[in-house]
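The following exercises concern the structure shown below. Each task is followed by a solution in short steps.

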Amino acid sequence: RRCGERDVSERAARARGADLHERFANWIAENAPGLEEILGYHLEHAYGYRAELGPVDAAGRDLARRASTLLTSAGKRAEARSDVPATINLLERAVKLLPDGDAEAVAIYPDLGTAVAESGDLPRAEDLFRRARELGDPRTALVARQRRIWNGLMRGASMAEALGPLEETVKEADRLGDEAILA
């Protein structure tokens with residue numbers, strides 16, 4: 001009987017924790033704009049508590065998606081300031097919040113792969129680029145191809161051998177009308 005009471009008490013504590021994290025995140029969003037990493041953290045934890053309580057409903061999945069979007073944004077800001085450990089941490093957390101193979105998760109792979117390569121884990125970076133090319137939409141696949149070529153060049157690959165594939169990515173980016181990739 002005590003074990004059952006403890007289980008009920010632990011479930012209640014998790015439900016309360018989920019509620020408090022979500023409420024605090026909503027307060028932050030309304031009163032302290034620009035704190036995406038902190039907001040993402042609290043939504044991530046609210047989702048985590050909900051997931052521990054049982055099957056996640058649509059509201060829980062929405063919570064995870066919101067947290068992922070915020071952590072991705074914070075990860076890109078970390079990338080812009082060349083903070084590789086923070087970039088990896090934030091982008092990995094963003095990916096983990098989404099279902100395996102989710103289009104939004106796959107779109108994060110090229111940025112995560114670049115940061116992972118900068119940290120020195122080239123096999124893992126290659127795997128992320130490969131998965132982005134295989135699972136991503138045309139834009140994500142192209143970004144992954146471009147990042148893979150660029151990372152190879154930064155690590156001493158032959159420019160002569162990379163020129164053809166780089167020209168192909170330029171043609172494809174032009175066909176897609178994607179100015180960011182062209183730049």
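**Exercise 1: A pair within one helix**

Aspartate 19 has a relative accessible area of 33% and is therefore partly exposed; buried means under 20% relative accessible area, exposed over 50%, and partly exposed in between (1.4 Å probe, protein chains only). The model is a predicted one, in which local features need pLDDT of at least 70 and side-chain atom pairs count only at pLDDT 80 or more, while totals for chains, interfaces and linings use all residues. Residues are numbered from 1 along each chain as its sequence is written, and side-chain values use heavy atoms, with hydrogens and water left out.

Task: State with which residue aspartate 19 forms a salt bridge, and where the two partners lie.

Solution.
Step 1. Recall the rule: a salt bridge is a side-chain nitrogen of Lys or Arg within 4 Å of a carboxyl oxygen of Asp or Glu.
Step 2. The partner of aspartate 19 is arginine 23, and the closest N and O atoms are 3.3 Å apart.
Step 3. Both residues lie in helix H1, 4 residues apart, which is about one turn of the helix. Helices (H or I, at least four residues) and strands (E, at least two) are DSSP runs, numbered from the N terminus.

**Exercise 2: Pairs between parts of the chain**

Task: Determine which elements are linked by the salt bridge of arginine 65 and glutamate 104, and where aspartate 100 and arginine 131 lie.

Solution.
Step 1. Arginine 65 and glutamate 104 form a salt bridge with an N to O distance of 3.2 Å.
Step 2. Because arginine 65 belongs to helix H3 (residues 58-80) and glutamate 104 to helix H5 (residues 103-118), the pair ties together parts that are 39 residues apart in sequence.
Step 3. Arginine 65 is partly exposed at 27% relative accessibility, and glutamate 104 is partly exposed at 37%.
Step 4. A further salt bridge joins aspartate 100 to arginine 131 (3.4 Å, N to O).
Step 5. This pair links distant parts of the chain, 31 residues apart: aspartate 100 is in the loop between helix H4 (84-96) and H5, and arginine 131 is in helix H6 (residues 122-135).
Step 6. Aspartate 100 counts as exposed at 73% relative accessibility, whereas arginine 131 is partly exposed at 21%.
Step 7. Salt bridges with shared partners also join Arg65, Asp102 and Glu104 into one network. The count by the rule of Exercise 1 comes to 17 salt bridges.

**Exercise 3: Packing of helices**

Task: Classify the packing of H3 with H5 and of H7 with H8 as parallel or antiparallel.

Solution.
Step 1. Axes are lines fitted to C-alpha atoms, for helices over the stretch in contact, and angles run from 0 to 180 degrees between N-to-C directions. Angles under 35 degrees count as roughly parallel, over 145 as roughly antiparallel, 65 to 115 as roughly perpendicular and the rest as oblique.
Step 2. H3 and H5 pack at about 20 degrees, with axes 11 Å apart. H3 is therefore roughly parallel to H5.
Step 3. Helix H7 (residues 138-154) and helix H8 (residues 159-176) pack at about 155 degrees, with axes 10 Å apart. H7 and H8 are therefore roughly antiparallel.

**Exercise 4: The whole chain**

Task: State how many helices and strands the protein chain contains, and what share of its residues is buried.

Solution.
Step 1. The protein chain has 9 helices and 0 strands.
Step 2. Of its 183 residues, 37% are buried.
Step 3. The C-alpha atoms fill a box of roughly 70 × 35 × 30 Å along the principal axes.
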